[in-house]
Amino acid sequence: YASSGVGIVTKKGLKPPPQYPAINPVPLNAIKDVFESLSLKINKKELFCSVGVTNGVEIAKQTANAKVGILGGISILGTKGIVKPISASAYINSIDQELNFAKANKYKTIIFTLGNTALKKANEKIKNHQNEFYIIEIGNFIYDGINLSIEKKLSNIQLWLGIAKSVKISQGFKNTHNRFGSIDFTLIEEFIKQDINDCVTIKAIRDKISNKKEFDNEIIQQTKEQLKDWFDIDIGVKIC
């Protein structure tokens, strides 16, 4: 049973069916195994378990649970029964869950967003097309998120992001977090055929050049070409 802080599934597309607690099969089976063993020890035919999470309702507001129809608390996730203290794995798992939901509910287009500005503009786009587009905040996990989408045969993809992140993808970064490397400004200087002097950000370079639209369009094209090289499909790119 779901106690306070654990959500209830209200829509199809997730591993637990509608009207069940949001507990994935692996942790659910682990709980069942423990209780079956315990019931034998104490000679009880039936035992009941209630799973709750302190402050789960508040924590759930920081997740995508409500968006995919999990109401009243957080999810108890787990796919292998092995816990690794890596936030990247948890984030990718949440992207996977949202993609499963989007596929089950037959959304036509997946919009992956990076950053608050991109998310805001994407939400404005879908105002009157709620059943067509599904937005997922992809973080920095460009390659992983798109690859998961393609594996699930959700290949109608758009990527909405800032110009700097787009430049990083065009330069071959599969993850756009700074710890994976920085933009090569020498390549940008060669590309725009202009001395960028002390410019240390893409925004500063963009502010300096005269034809911003041409610059944006070329970066978009380079980004699309890199994505095509990785995934062999055409992916829409929008600079926000």
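**Burial, cores and helix packing**

Reader: Which residues does Leu159 touch, not counting residues up to four places away in sequence?

Author: In this predicted model, Leu159 touches Phe112, Leu114, Ile142, Ile169, Leu227, Ile235, Gly236, Val237 and Lys238. A contact requires heavy atoms within 4.5 Å.

Reader: What makes Leu159 notable in the largest nonpolar core?

Author: That core holds 46 residues, and Leu159 is one of the three, with Phe112 and Leu227, that touch the most other members. Helix H9 (residues 212–231) gives the most to the core, namely six residues. There is also a second, separate core of eight residues, including Ile111, Phe133, Ile135 and Trp160.

Reader: How do you know that Thr109 is buried?

Author: The relative accessible area of Thr109 is 4%. The cut-off for buried is under 20%, so with 4% Thr109 is called buried. Thr109 is found in strand S5 (residues 109–113). Beyond residues up to four places away in sequence, Thr109 touches Glu132, Phe133, Tyr134, Asn156 and Gln158.

Reader: Why is helix H6 (residues 163–170) described as largely enclosed by the rest of the structure?

Author: Six of the eight residues of H6 are buried, and therefore the helix is largely enclosed by the rest of the structure. The buried residues are Ile163, Ser166, Val167, Lys168, Ile169 and Ser170.

Reader: What covers the buried residues of H6?

Author: The cover includes helix H5 (142–151), S7, H7, helix H8 (202–208), H9 and strand S8 (236–239). Just after H6, Gly172 takes a positive phi of about 95 degrees.

Reader: Why is H7 called oblique to H9?

Author: Helix H7 (residues 185–192) and H9 pack at an angle of about 120 degrees, and their axes are 12 Å apart. The range for roughly perpendicular is 65 to 115 degrees, and roughly antiparallel requires over 145. An angle of about 120 degrees falls in neither class, so H7 is oblique to H9. The crossing of H7 and H9 is right-handed. In this packing, Ile188, Phe191 and Ile192 of H7 meet Phe215, Glu218, Ile219 and Gln222 of H9.

Reader: What makes H5 and H9 oblique to each other?

Author: The axes of H5 and H9 cross at roughly 55 degrees and come within 11 Å. Roughly parallel requires an angle under 35 degrees, and roughly perpendicular begins at 65. An angle of roughly 55 degrees meets neither condition, and H5 and H9 are therefore oblique to each other. The crossing of H5 and H9 is right-handed. The contact is made by Ile142, Tyr143, Ile146, Asn147 and Ile150 of H5, together with Leu227, Trp230 and Phe231 of H9.

Reader: How do you know where in the protein confidence is lowest and where it is highest?

Author: The comparison rests on pLDDT, which runs from 0 to 100. Helix H1 (residues 25–41) has the lowest confidence, with a mean of 83, and strand S7 (residues 157–161) the highest, at 97. The protein averages a pLDDT of 87, and 96% of the residues score at least 70. Where pLDDT is low, the predicted coordinates should not be read in detail.

Reader: How many helices and strands does the protein have, and what share of the residues is buried?

Author: The protein has nine helices and eight strands. Buried residues make up 37% of its 240 residues. The C-alpha trace spans about 80 × 40 × 35 Å along its principal axes. Among contacts between residues at least 6 apart in sequence, 63% join residues at least 24 apart.

Technical notes
Residues numbered from 1 in each chain as written. Predicted model: local features only at pLDDT ≥ 70, side-chain atom pairs only at ≥ 80, totals over all residues. Heavy atoms only, no water. Helix = DSSP H or I, 4+ residues; strand = E, 2+ residues; numbered from the N terminus. Buried < 20%, exposed > 50% of the residue type's maximum accessible area, 1.4 Å probe, protein only. pLDDT = per-residue confidence, 0-100. Core = buried A, V, L, I, M, F, W, Y, C linked by side-chain atoms within 4.5 Å. Axes fitted to C-alpha atoms, helices over the stretch in contact; angles between N-to-C directions. Left-handed = near helix turned anticlockwise from the far one by under 90°.
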